[in-house]
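Let's take a friendly walk through this model, looking at how some of its parts sit against one another. Keep the 3D view open as you read.

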Amino acid sequence: MVSGAYMDALGARTEAEQHESSFSRRMAENQRRVFQIAYGVLGSSADAEEIAQETFLRAYQKFRSLRDPQRFRFWVNRIAFRLALNRRRGLNRSMARETAWHSSAIESLDGAKNAEDHLLAQRLRDQIEQLPEKFRRVLQLSIVEDMDANDAAAVLGIPAGTVRSRLHTARKLLLETMQ
């Protein structure tokens, strides 16, 4: 005779397996669409792939709380869209933060008509050349190549956080030496 506790455990395991099987099937059906939504918002395959992974992770964690499993597609698409929008906003904020300090200075130096501005521009170039190479490289990729931290990180083979840290330090050193 099989005990009731064993049957309950067997039923729970079967329910968990059904839950996982149902989620896996739904994920496979919607994977391409989630990627397309993220790519449409971000325009980057790498970022879209990350958003797709994060979307399905969040969906898996909340799948049991989904009231109407038939609306899974709409629900997961909404998660993907919101995550992609948040990523784009974050990228825009970091790009503005990374480039704001030099935009107006470089524009005014490029169109400089008087000798004082030319001297200041030359002094700035000289100070950039005096920076340690690791700071100079990230600064040049940011200013000259107009790369964001993620692109510069890919070029240099270092984490994006390290690029942002080095940019901050390079700017700080330049400000100190230019004053």
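## Helix 5 against helix 6

In this predicted model, helix 5 (residues 133-143) packs with helix 6 (residues 149-156) at an angle of about 130°, and their axes are 10 Å apart. Helix 5 and helix 6 are therefore oblique to each other. If you turn the view to look at how they cross, you will find that the crossing of helix 5 and helix 6 is right-handed.

Which residues bring helix 5 and helix 6 together? From helix 5 come Arg137, Val138 and Leu141, and they meet Ala152, Val155 and Leu156 in helix 6. Sorted by class, this contact has 5 nonpolar residues, 1 charged residue and no polar ones.

## Helix 5 against helix 7

Helix 5 also packs with helix 7 (residues 160-178), here at an angle of about 100° and with the axes 9 Å apart. That angle makes helix 5 roughly perpendicular to helix 7, whereas helix 5 and helix 6 are oblique to each other.

On the helix 5 side, the residues in this contact are Lys134, Phe135, Val138, Leu139 and Ser142. They meet Val163, Arg166, Leu167, Thr169, Ala170, Arg171, Leu173 and Leu174 in helix 7. By class, the contact of helix 5 with helix 7 divides into 8 nonpolar, 2 polar and 3 charged residues. Val138 is worth picking out on screen: this helix 5 residue takes part in the contact with helix 6 and also in the contact with helix 7.

## An aromatic pair in helix 1

Now for the aromatic rings. The structure holds 2 aromatic pairs. One of them is formed by Phe35 and Tyr39, whose rings are stacked, at 6.1 Å centre to centre and with 20° between the planes.

Why are Phe35 and Tyr39 separated by about one helical turn? Both belong to helix 1 (residues 4-42), and they are so placed because they are 4 residues apart in that helix. Are the two residues buried or partly exposed? Phe35 counts as partly exposed, at 26% relative accessibility. Tyr39 is partly exposed too, with a relative accessible area of 38%.

## Other neighbours of Phe35

Phe35, found in helix 1, has further partners along the chain. Leaving aside neighbours within four places in sequence, Phe35 is in contact with Ser45, Ala48 and Glu49. Ile51 is another residue to locate: Phe35 and Ile51 are 16 residues apart in sequence, and their C-alpha atoms are 7.6 Å apart in space.

How values were computed:
Residues are numbered from 1 along each chain as its sequence is written. This is a predicted model: local features need pLDDT of at least 70, side-chain atom pairs count only at pLDDT 80 or more; totals for chains, interfaces and linings use all residues. Side-chain values use heavy atoms; hydrogens and water are left out. Rings of Phe, Tyr and Trp (its six-membered ring) pair if their centres lie within 6.5 Å; planes under 30 degrees apart count as stacked, over 60 as edge-to-face and the rest as tilted. Helices (H or I, at least four residues) and strands (E, at least two) are DSSP runs, numbered from the N terminus. Buried means under 20% relative accessible area, exposed over 50%, partly exposed in between (1.4 Å probe, protein chains only). Axes are lines fitted to C-alpha atoms, for helices over the stretch in contact, and angles run from 0 to 180 degrees between N-to-C directions. Angles under 35 degrees count as roughly parallel, over 145 as roughly antiparallel, 65 to 115 as roughly perpendicular and the rest as oblique. A crossing is left-handed if the near helix is turned anticlockwise from the far one by less than a right angle, and right-handed if clockwise. Contact means heavy atoms within 4.5 Å. Ala, Val, Leu, Ile, Met, Phe, Trp, Tyr, Cys and Pro count as nonpolar, Asp, Glu, Lys and Arg as charged, and the others, Gly among them, as polar.
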